[in-house]
Structure formats: C-alpha cells, structure tokens
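Trainee: Could you take me through one part of this protein up close? I'd like to look at its pockets and what sits around them.

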Amino acid sequence: MSFTIAIDGPAASGKGTISRALAAHFGFAHLDTGLLYRAVGARLLEGEEPIAAARALQAGALENDALRLPAVAEAASKVAVIPEVRAALVDFQRAFARRAGGAVLDGRDIGTVICPEAEAKLFVIASPEIRAERRFAELRGKGVETDLAAVLADVRARDERDMGRADAPLRAAEDAVEIDTTALSIEAAVARAVAEVEQRGGRAG
C-alpha cells in the first residue's frame, strides 16, 4: 500500500531534517524535491537551456554533492519560477509519491500541487533570522566563505521568489499542520512530526 507524507516550507526551516527522520522512522522512501530544481539549476550554470534540462532529467543526476553549493541553490530558485520546468518535473514527483511502501516528499508545493491527496501534510516554518543562522553554520561547515548578513539577505530573497511566483507559490495547504521549529530542538520537531503523521494513519513498516 502507499502512504504519502507531504512536507513544505521555506529554505532552512528544518523540513529536510524532519523529512529524512520521518522516512527513517516509518521505513518510507524519501525525495528532496529541491534537488530536482538544483539539478536543473546546475545544468543552467553549465550553459544548458533549463526547460530542456528538466525534461531530460534522470534520477542519477540527484546524486551530486555539488548540488548543495550556494550558486546552484541560487540557480535552482531562478529556474523554479519557470512554469515549463515545474511541469516537466511534476510526473517524476507524483510517481515517486505513490510508490508502494510509502514516501516522504519535501519541497515548496508538495501538499498544494504535487500531492494534494497526501495522507499527511506538514508545513514547516522558522523565523528568517534562525533559518539564516542555520544556513550560515551549514555553509561554514563546508568551508564556504560568507557572512551572516549575506545569508540572511539570500534567505529573504528566496522567500520572496518562492512565495511571489505565479506558478505554484510557496504556501501551506489548507489541511496542513504547521510546525514552527524556531524554538524547537531537532528531537522535539521530529517527535511532533511523527505524532502528527501517526494521527493520520502513518505506521512504521
């Protein structure tokens, strides 16, 4: 049987961490849908046309550490506003979501566009300042030279693009449960998410 957990939220809200923890807890497959857009963004930086790159995307392209680099994230945010790019990636995501054994997908429009019929929907948020601090620590840990003010500006700019785009803007589904991780530990945020999914019929395999 299939069971889909849809998790949305802005950059560095904690949705990726929660998604991976839920997948491990329930024994579900996990897809970070942002990697799809990062993979297309990486192709854009290499000079490829983004719509063609999205239509030709293969799952193997997601196994690339370079997709986590800031320049790729910036490019991903730009290609994600192109309706034809989003349309090309919809089928890939929907097929993954209904796979046997359960699936967790995290992104920006999972509960609203990709999987509106998902059995469990979460919307993970945190303040821009906290999200910038998390991203700053992550980048510094990878040896990327930057400063907190620049990271905060990037977080705010990405929020504006994600929430303001005409096609599939970032917003909570009407039946999504909001989890604010601003003041929560990772353990507390995951525990809350597990409880919410279990209330909606999710069971560990």
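How do the residues of the lining of the largest pocket divide into nonpolar, polar and charged?

Mentor: Sure, and keep in mind as we go that this is a predicted model. The lining splits into 17 nonpolar, 11 polar and 17 charged residues. The pocket they surround has a volume of about 990 Å³. It is lined by 45 residues, and the ones closest to its centre are Ala11, Ala12, Arg38, Arg135 and Glu138.

Now let's see which parts of the fold supply that wall. Quite a list of elements gives two or more residues each: the helices are α1 (15–26), α2 (34–45), α4 (70–79), α7 (128–141), α8 (148–164) and α9 (186–199), and β3 (103–107) is the strand.

The database record is worth a look here too. In an unreviewed entry, UniProt lists Gly9, Pro10, Ala11, Ala12, Ser13, Gly14, Lys15, Gly16 and Thr17 under "binding site". Of these, Ala11, Ala12, Ser13, Gly14, Lys15, Gly16 and Thr17 are included in the lining of the largest pocket. If you want to find that stretch on screen, go to Gly14, which sits in the loop between β1 (4–8) and α1. UniProt, again in an unreviewed entry, also places a "domain: Cytidylate kinase" feature at residues 5–51 and 58–198. Over residues 5–51 the chain is 55% helix and 17% strand, with its end C-alpha atoms 28 Å apart. Over residues 58–198 the figures are 52% helix and 11% strand, and the end C-alpha atoms are 33 Å apart.

Next, the second largest pocket, with a volume of about 160 Å³. Lining it are Arg20, His30, Leu31, Asp32, Leu35, Ala59, Leu62, Glu63 and Arg68. By class, that makes four nonpolar, one polar and four charged residues. The largest share, three residues, comes from strand β2 (residues 29–32).

Strand β2 is a handy way into the sheet. Five strands form an open sheet in the order β2-β3-β1-β4-β5, and their pairing is parallel. At the edges you'll find β2 and β5 (177–180), each of which pairs on one side only. Neighbouring strands are turned against each other by 20 degrees on average, direction ignored. For β2 the partner is β3, and the two run parallel over four bridges. You can spot this pairing at His30, which stands opposite Val104 in β3. His30 is also one of the residues lining the second largest pocket, while β3 is among the elements that give residues to the lining of the largest one.

Finally, zoom out to the whole chain. You'll count nine helices and five strands, and reading along the sequence they follow the pattern β-α-β-α-α-α-α-β-α-β-α-α-β-α. The radius of gyration is 16 Å, close to the 17 Å that the globule rule gives for 205 residues, so the chain is as compact as a globular protein of that length. Its C-alpha atoms fill a box of roughly 45 × 40 × 30 Å, taken along the principal axes.

Technical notes: Residues numbered from 1 in each chain as written. Predicted model: local features only at pLDDT ≥ 70, side-chain atom pairs only at ≥ 80, totals over all residues. Heavy atoms only, no water. 1 Å grid on protein atoms, 1.4 Å probe; cavity = no way out; pocket = protein on both sides within 12 Å on 5 of 7 lines; lining within 4 Å. Points joined across faces, edges and corners; volume = space filled by probe spheres on them. Nonpolar A, V, L, I, M, F, W, Y, C, P; charged D, E, K, R; others polar. UniProt positions renumbered as here; feature names shortened; annotations may be inferred. Pairing = 2+ DSSP bridges. Axes fitted to C-alpha atoms, helices over the stretch in contact; angles between N-to-C directions. Rg over C-alpha atoms; globule rule 2.2 N^0.38 Å.
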